[in-house]
Every structure is written in C-alpha cells, then in structure tokens.
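Notebook open. I wanted to look up one helix pair and one strand with its partners. My entries follow.

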Amino acid sequence: MPARFMSARVVTPLVLGFIVNYIAAAAEGPAPDPRANHPGRAVYETYCAACHNIPGTRAPALSALQLMSEQSLRTALTQGVMQQQGAPVPKDSMPQLLEYLAANDGDANWTAAMMCSAEQRIVNLSEPVALSMFGVDHNNSRRMSAKQAGLTSKQLPQLELAWAIGFPQTTSLRSSPVIVGSTMFYAPAQSGKLLALDIDKACAKWVYDVGAPVRSSVSYGEIGSRHALIFADTQAQLHAVDAKSGERIWKANGRHDTTGNITGAPVFYKDRIIVPVSSSGVGSGANPKFECCVGHGAVVALDAATGKQLWTAHTMEDAQYTGKTSSIGVKFRGPSGAPIWSTPSIDVARGLIYATTGQNTSLPATPTSDAVLAIDLENGNLKWTYQALANDVWNLACRPDPAQSGPNCPSPADSVLKDYDFGAGAVLAKKRDGSEVLLAGQKSGDLWALDPQQNGKLLWRQRFGTGSALGGIHWGIAIDSEHRVFAPINDPHVPELKDYVPEPGMNAVDIDTGKVLWRKPVTADCSNGRDQRFNLCGEKYGLSAAPLVVDKSVIAGALDGRIYIFDATTGDIVWQYDTLRDFTTLNGVKGHGGGIDSHSVFAGSGMLFVASGYGGFRQPPGNVLLAFRPKDAQPAANDYSKPETWLCRPGRDDSCTVDLTTTVIATDGKLTEEPFKANSQAPIDCFYVYPTVSNDQTGNRDMNAGPEEHAVVRAQFARFGSQCRLYAPLYRQVTLKTLRMAMAGGGGFPADRTLGYNDVLDAWNYYLKHDNQGRGVVLIGHSQGSSVLTQLIKNEIDGKPIQAKVISALLLGTNVAVPTGKEVGGAFQHIPLCRAASQVGCVISYVSFRNDVPPPANSRFGRVPTAGMTAACVNPTALNGGKGELHAYLSNGANGVSTSAAQPKPWVTTGQSIDTPFVSLPGLLTGECVEKDGASYLAVTTNANPADARTDEIPGDVIANGQVLQDWGLHLIDAHVAMGNLIDVVGQQAKAYLKQ
C-alpha cells in the first residue's frame with residue numbers, strides 16, 4: 001500500500017394512430033454540415049475527426065459538438081477533459097476550430113427572459129428541505145419518502161408534464177439540484193450558470209454566473225450563519241454560494257493536482273466539505289505521443305468556512321517514469337488512475353468516508369483501482385480497501401480488439417483490459433436485524449455487499465450480465481425501506497465483444513441475502529420516428545443514470561430518453577414517458593429532449609424532475625429540464641351500467657343501428673343496392689374499441705360522444721351486426737389535437753394514456769359480468785383501439801381462463817409483434833395468428849399499404865424494432881398466405897372516417913348518382929401479405945381498368961398540408977378494405993366455436 005495513502009498528505013448529470021410521442025425527424029447521426037466551407041473545418045479534420053467522426057468511439061458526434069457554446073469547447077480543449085487532445089492544435093488555429101464548432105450565440109441573454117417578477121424573487125429557506133444532496137442523505141441511499149418528495153406511489157402513474165425549460169448551447173445535462181420548499185437550485189452544466197428557480201412558475205429568482213461550465217451536482221449545508229450551495233465547475237473549482245442571495249461566499253481549488261476533475265458531488269459534513277476527485281489520465285492515453293499516464297484519484301477535505309484544503313487522501317503515489325517505452329518509443333509513466341467518479345457516502349457512526357474508484361490507466365496496477373475505499377473522516381487515512389477487480393489497467397488507447405489498440409494501451413499479458421469502473425457511489429444500508437451492509441455497483445454488472453464492521457468483508461455478490469466498458473451499473477444504485485436494493489443495468493450493444501449479451505433493465509435484490517427479487521428488462525424502441533431522432537436507438541437504450549426511490553416506486557432514466565417508473569415490490573412499469581422529442585419551453589429557448597444519464601432524475605415539492613439530454617458517448621444530445629406533477633384530481637371511473645357510456649349495446653337504437661345500405665358497382669357500371677340487416681339472434685358477441693377520432697381540444701376525450709365517434713362506429717363496426725351482438729364502449733381516448741401537436745414537434749397537450757385503457761378495462765369487466773353469459777366474443781379494434789386491446793389481451797386474457805371465450809381478435813392498423821417465422825410469441829404468449837377460418841382463439845392483424853407504395857424506412861406501421869420480431873400480417877382473404885380478392889366496403893363521400901383523407905373521385909364514369917352511405921366494387925382490390933425491406937404489411941393492389949365504367953382510384957391515404965404521408969399507408973381504410981372478408985371469417989369462426 002502506498003505510504004502516502006496510508007498517511008494522508010496534510011495541506012494548507014387518429015384515425016391518425018396512437019402515436020402521442022411521435023418525434024419530428026432530427027437525426028443525431030451523420031447529416032449535411034452547414035459549415036462545410038468554414039476554414040476551421042480543416043483544423044477539425046486534422047485534429048478531431050479521427051475520433052468524433054467514427055461511431056464506434058465514445059466521442060460525441062460532430063452534430064453534437066456544434067450545439068455547444070464556445071466557452072464549453074474552449075474549456076474542454078484547454079483545461080478540461082480534452083486538454084491532451086487539444087494540446088497539438090496550433091495556437092493560431094484554435095480560434096478557427098472553435099468558431100467552426102461553436103453554436104450560434106443568439107441566446108446569450110436567455111436568463112434575462114426568464115427572471116421572476118420582483119415580488120416573486122424571495123427565496124424562503126425556512127421551508128422544508130426536500131433534497132439537500134445528490135445521494136439524498138449521507139448514506140447515499142437515493143431514497144425519498146413520500147413526505148420528502150411530496151409524491152406518493154399512488155400519484156406517480158398519474159404524472160403529466162407541467163413545464164419544460166430549455167438551455168441554449170447545451171447538449172448534456174448531468175447535475176442534481178438542491179430543492180428547498182418551492183425553490184430549486186439547479187446548474188445546467190454547459191450553461192455556466194446556477195439558477196434559483198421558482199418551481200411553480202419556472203422563473204429564475206436569481207442567477208449566479210459560474211464563469212465556466214458546471215460539472216458536479218449541487219449540495220446544501222451551513223457555512224456559519226449562512227445557508228450555502230456547493231458545487232464544482234469543469235476547472236475543478238469549488239464554488240460556495242449563498243442560497244438566499246446568490247452571492248459567492250468563496251471559490252477554491254478542489255483538486256490535488258493540475259489535471260483532476262470533480263465529477264461526483266461534493267458533500268457537506270459538519271464543518272467540512274468532502275470532495276471526490278476524478279483525475280485519471282484516461283483520455284490522454286489516446287494520444288500516442290503522450291507519456292502515459294499521469295493523474296490519480298483522491299478525496300479532498302475542505303474547510304467549509306474558507307475552502308482551505310485540510311487533507312488529501314490519494315489513491316496512489318504520483319506517477320513516475322517506469323523505465324519502459326511504448327512501441328513508438330515514447331516513455332511510460334505510472335501508476336495512474338483509480339479516479340473517484342462517484343459521490344462519497346459518510347458513515348457517521350464509524351467516522352468513515354466510503355469512496356469507489358475506477359481502473360488504473362497505466363502500469364503498474366495498484367490495489368486501490370476498481371475498489372471500495374474506507375477513509376478516515378478526520379484525517380484522510382485509508383482504513384481498509386476492497387478491490388473488486390485486480391490488474392484492470394485501461395485508457396482510451398485501448399480497443400476491444402487489442403491489435404487495433406494504440407501504443408499507450410497495456411498488453412493483454414499485463415492487464416485484464418476491462419475498464420470496469422465503479423461509477424456508482426457506495427450505499428450504506430440496514431439489514432433486517434439492524435446490522436449494516438455497504439452496497440456498491442460496478443460496470444462489470446456486479447452488485448457487491450460488504451460488511452463495514454469487518455473491514456469490508458464480502459457478504460454476497462450478485463451479477464447481472466457480463467458487463468462492458470459502458471455496461472453494467474453506471475451512475476448509481478438505490479435502496480428502499482423494505483430492504484431492497486435496485487440495480488439499473490446499462491449494457492449498450494457492443495458488436496465487437498464476443499460472448500457479450502446485453503441485459504439492460506432494472507433489478508431488485510434482497511439486501512440481506514443477495515437474492516434477486518425481480519428483473520425487468522428494457523427493450524429498444526426505434527418506432528414512430530425515434531430512429532431518425534437517435535440513430536443508435538437499437539443499441540443504446542439501457543439504464544445508466546442513477547435511479548431514485550420515491551415512496552414505494554423506483555424511477556429511472558434511459559439513454560434513449562425514456563423515463564420509467566417501476567413498482568418497487570413487483571417490478572411492474574407503472575408509468576413511462578418518452579422525452580426524445582422537441583418541447584415548447586416556458587422560457588422560449590428551443591427545447592430538445594435526449595438521453596437521460598448521470599444525476600438527471602430528482603424530485604421534490606410534489607414534482608418529478610428529469611433533465612433530458614446527454615450528448616456524450618454517442619447518446620442523443622438534449623437541453624431540457626422537465627417537470628412532472630400529478631393531475632389535480634384522479635378522474636372518476638366510468639359507470640358502465642349507464643347506457644350513455646356505450647356507443648353500441650344490443651336491443652336499442654344507437655350508433656350501430658344505422659343505415660348500411662351499399663351500392664355494388666359492377667365493371668360495366670351497373671349499380672345494385674345491397675341492403676343490410678343485423679342478426680338479432682346472433683349467437684356470439686363482438687366487443688369494439690375505436691381508433692383516434694376525437695376532435696376535443698384537450699389531451700383526453702370526455703365521455704360525450706360526438707359525430708366523429710358515431711361515424712367511425714358506422715364505418716368500422718356496425719356491419720359486424722350480421723354475425724354478433726355489438727358492444728362498443730365510450731372511452732377517454734387520447735385526442736387528435738394532442739397527436740397533431742406532437743407530430744408538429746410541439747409536444748401536444750398532456751394526455752393520460754392509462755385513462756383510456758382503464759376505461760376499456762372497466763367496460764370489458766362490466767360486459768363479462770353482466771352481458772357475456774358464457775358466449776364467445778370477438779375483439780375488434782383499429783389503431784389506438786387496437787393498441788388498447790393489445791394491452792388488454794396481454795394483461796387480462798392471454799394464458800388466463802377467459803381466453804377460452806375469445807373466438808378471435810381483429811387488431812387492425814397496429815404492429816403486433818411475433819417472432820419471425822412463427823405464429824405465436826412476442827406480443828402474446830398463448831394466442832397464435834389465425835391461419836384458417838375454422839381456427840378459433842387466434843389473432844388477425846395487418847397494416848395496409850398500396851402495393852406500389854410500400855412502407856418507407858421511417859414508417860410507423862409494419863415494422864417492429866425488436867430483433868427477431870416481425871409485425872404480424874394476416875391476410876383476411878387468404879389466412880394461410882397468398883393473394884385474394886378484397887371485399888371492401890368503402891365510405892361514400894362525406895361518410896368517411898376522417899377529414900384527413902382525400903375525398904374520392906366519382907365511383908362511376910357514367911355520371912350515375914350514388915346515394916347510399918357505402919359502395920362495393922367487386923374485383924377492384926386484391927390483397928397479399930408482403931415482407932419487404934424489414935416491413936410486413938398487407939399490400940393492396942387496385943386492379944385498374946381505364947376501359948371499364950368504374951373508378952381506378954380509391955382514397956385512404958393520410959393527407960397533411962396537401963401532401964400524402966407515405967409512412968401512414970392506407971391507415972384510414974385498414975378496416976374498410978377487407979370488411980367483407982373479416983365478416984365472413986368471423987361468421988366461419990363462430991360456427992367452429994359453437995361446434996366445440
């Protein structure tokens with residue numbers, strides 16, 4: 001053990017479909033460079049492109065760099081993490097490079113526009129403190145009670161977006177704030193500001209100009225008689241700021257050398273501040289001419305009153321020349337590394353600081369790397385060490401294939417070359433018997449439990465996956481009051497690593513035994529334009545940010561911008577929100593959501609906050625702070641015993657007892673009227689959930705049926721009355737207004753997606769209890785309705801006794817996932833696709849496109865992002881495959897489902913008048929399921945014949961601003977084009993079911 005560590009050196013963060021979170025295309029990946037002719041581009045190509053233009057590296061893409069401010073870039077290249085990479089850039093070329101890269105400075109006065117009015121700028125520090133530090137407490141528990149957060153687990157599934165704030169020239173948000181009463185003290189990293197925000201109004205009470213980008217989270221404590229905020233900037237300067245006024249108390253150097261950063265949060269403890277230092281040399285190793293490597297981690301104690309350094313606990317000796325040289329003759333130095341990226345925890349009873357470390361960055365390896373360290377709080381002496389992985393020496397010269405590594409990377413003979421840091425801080429927790437356990441999570445995927453009473457003796461170890469340099473547990477773990485520890489796993493896709501199987505998700509482990517209580521994987525989602533917003537959506541979607549426990553729930557953010565709330569007991573996802581989109585911000589700065597990482601999930605004052613955007617490591621950049629609050633009142637459940645809650649029920653005049661007379665148009669122009677009569681003695685039932693049609697100007701529809709609901713029932717459902725008794729409940733669906741706003745990039749109105757589902761569930765349960773009477777039932781839906789029914793089947797029917805009553809499910813206009821080449825699995829585990837009209841207990845699903853306009857790459861329909869899965873396509877004209885004639889019932893004129901469709905041309909060229917609400921054109925349309933370019937869909941062919949008397953065109957495309965949206969296909973007439981076929985199949989299935 002290095003002597004200078006043992007004796008510490010003493011010194012002086014629709015029918016337009018159910019796609020509420022649709023994202024306007026804005027690819028993060030390669031795009032045309034608007035500054036291609038700038039002279040600074042040549043400098044960039046010479047000194048930067050080798051890393052930043054290669055997707056496999058950790059370096060941010062050029063598109064992300066060009067969103068950053070000149071200040072952030074200059075600091076990184078001259079004093080910060082990229083100092084060694086910036087050193088070779090000639091001094092006279094640096095201004096050109098910065099001008100080429102830096103974002104436009106048009107929002108320089110953005111803080112002035114968001115200041116509160118004078119009477120609203122009072123900071124009341126007598127209110128309760130919700131969040132005083134990143135770890136929530138000195139144990140680093142990341143656990144908030146319902147009282148602390150102002151939120152209960154019952155409220156969390158009802159969250160809605162309250163406001164968004166955008167920050168200019170920002171690509172990454174990484175910091176946790178302090179929350180006192182209704183004031184949040186927040187530092188948006190690259191802005192170089194600390195803001196005192198009014199939580200309710202999202203205005204600024206005061207602004208502190210840091211003078212450099214901020215790197216750490218903010219902590220709160222007392223300095224004499226003043227309440228103070230402490231945080232570190234990218235130059236490792238600690239700032240102590242008066243929380244009431246925003247005035248600086250002092251500023252001091254927080255590191256022990258000239259290269260270190262401060263990444264974890266500094267922590268107040270009594271009269272001192274404990275500072276983790278993340279000096280390592282990991283980046284400089286990428287420079288083959290650099291004498292690798294120097295820098296090592298430390299914990300520094302400062303006097304809270306003055307900022308004076310009291311002691312420094314080093315993770316190793318200073319690097320010295322080793323007498324060896326690299327393959328190109330450059331001298332080696334070492335040891336180096338073992339940085340402390342995490343926030344320290346404090347064991348008050350034992351007088352210890354627990355700090356976790358990263359790998360060594362140059363030889364020789366030390367016993368303090370990839371380790372948990374116990375440091376004496378009084379003097380900085382090392383009390384004990386638990387090393388989780390020995391001989392892990394790694395820097396950015398290293399590649400998965402050692403043959404491609406740079407000269408400064410150790411050989412496999414000298415290092416395990418894993419880069420298995422502890423980025424997550426250690427958590428001190430209590431077991432059921434009252435004894436304590438120290439928990440720590442590692443990038444290897446390991447969760448370690450140590451006995452603090454026995455100098456870190458290993459109690460148990462639980463591993464999730466195999467880990468990787470960016471995998472496993474990243475920024476934190478959390479515990480709850482029921483002796484559970486929650487381990488988020490990042491595990492991005494790394495094709496270069498053999499035998500590596502990513503296992504991203506959330507995991508719960510019993511603190512006493514290490515037994516896994518539940519595991520909840522998260523999966524990729526590249527649908528609905530997400531792949532255009534983030535081109536690595538299929539690879540980076542794990543949970544890297546530190547989780548937060550609130551009451552009996554676990555909150556986690558994902559690299560691809562999604563937020564998850566898990567039930568702490570079961571692991572069920574009770575709420576999810578996609579931030580990977582544009583936001584309309586209260587302060588007028590253009591807002592973009594992105595990846596969620598580091599310290600970016602926090603709560604207080606009755607709200608959940610998420611900082612969305614993390615442009616490092618090829619993750620999606622972003623610049624918004626989002627606030628979510630529960631809806632003011634939980635909507636009351638509908639009473640489905642009331643007739644007005646149903647659009648259709650048997651034995652009454654309603655939306656299903658309408659005129660369905662159809663004009664059949666022969667090829668010679670002859671018109672024949674086809675009457676329709678419902679079967680009042682139908683032996684089976686049909687239960688229908690309609691698509692997005694509501695024109696309400698709110699997020700969710702109310703329970704008053706309008707003409708749009710009546711029209712869609714007439715077009716899509718009433719005709720099934722020839723085969724079944726008809727049940728169609730009203731439900732509070734997400735509205736067209738919300739969808740259209742989301743498509744336009746405005747984010748839409750806050751909408752509760754669970755509200756509509758719960759309505760349908762209540763209606764279904766009412767139907768089963770009061771109406772079903774043992775009869776077989778067909779479930780029918782389209783678009784949003786199909787999505788709701790898919791969830792209902794998953795939750796309530798699949799594999800349960802009620803499945804025996806389901807004759808079939810017609811899930812039209814949605815993507816039902818099935819394993820490629822198989823009939824069952826994916827969306828449903830026990831319900832297969834229908835492949836014969838005599839088959840019951842099966843699913844018919846398809847999305848329709850014109851045969852000559854297949855789904856484009858950005859199509860929201862016909863594509864399933866999960867590897868090995870395909871969107872189901874069952875052709876109602878030929879269930880077992882092949883082509884068949886589509887028996888379409890098309891709406892005539894104004895009887896269509898949506899005004900977003902093009903109006904039809906005359907159905908006949910002879911000028912004859914057609915007055916019936918529907919038309920049918922035998923032989924005009926054929927359908928065939930096609931798999932092409934990764935899409936699976938029903939290809940609809942119009943058998944045009946200019947010589948006959950019928951139209952050669954049918955409407956059905958979605959039209960926006962006069963343009964056909966090809967990615968929607970024939971979504972508006974998914975049900976219409978095969979209505980007759982579907983009715984025939986249901987009739988045959990009913991006979992087969994009744995014979996059972």
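I looked up the handedness first: helix 12 crosses helix 13 in the right-handed sense (near helix turned clockwise from the far one by less than a right angle; anticlockwise would be left-handed). The model is predicted, so local features need pLDDT of at least 70 and side-chain atom pairs pLDDT 80 or more, while totals for chains, interfaces and linings use all residues. Residues are numbered from 1 along each chain as its sequence is written, and side-chain values use heavy atoms, without hydrogens and water.

I then took the geometry. Helix 12 spans residues 753–770 and helix 13 residues 784–797; they pack at about 55°, axes 10 Å apart. Helix 12 is therefore oblique to helix 13 (not under 35 degrees, not over 145, not 65 to 115).

I listed the contacts (heavy atoms within 4.5 Å). Tyr757, Val760, Leu761 and Trp764 of helix 12 touch helix 13 at Val788, Gln791, Leu792, Asn795, Glu796 and Ile797. I sorted these residues into 7 nonpolar, 2 polar and 1 charged.

Next I turned to strand 15. Is it enclosed or open, and why? It covers residues 298–303, and 5 of its 6 residues are buried (under 20% relative accessible area, 1.4 Å probe, protein chains only), so the rest of the structure largely encloses it.

I checked its pairing (at least two DSSP bridges between strands). Strand 14, residues 272–277, pairs antiparallel with strand 15 over 6 bridges. Val277 sits opposite Ala298 of strand 15. Strand 16, residues 309–314, runs antiparallel to strand 15, with 5 bridges. Val300 has Thr312 of strand 16 as bridge partner. In the hairpin of strands 15 and 16, 5 residues lie between the strands, and Gly307 has a positive phi near 85°.

Note on methods. Axes are lines fitted to C-alpha atoms, for helices over the stretch in contact, and angles run from 0 to 180 degrees between N-to-C directions. Helices (H or I, at least four residues) and strands (E, at least two) are DSSP runs, numbered from the N terminus. Ala, Val, Leu, Ile, Met, Phe, Trp, Tyr, Cys and Pro count as nonpolar, Asp, Glu, Lys and Arg as charged, and the others, Gly among them, as polar. Buried means under 20% relative accessible area, exposed over 50%, partly exposed in between (1.4 Å probe, protein chains only).
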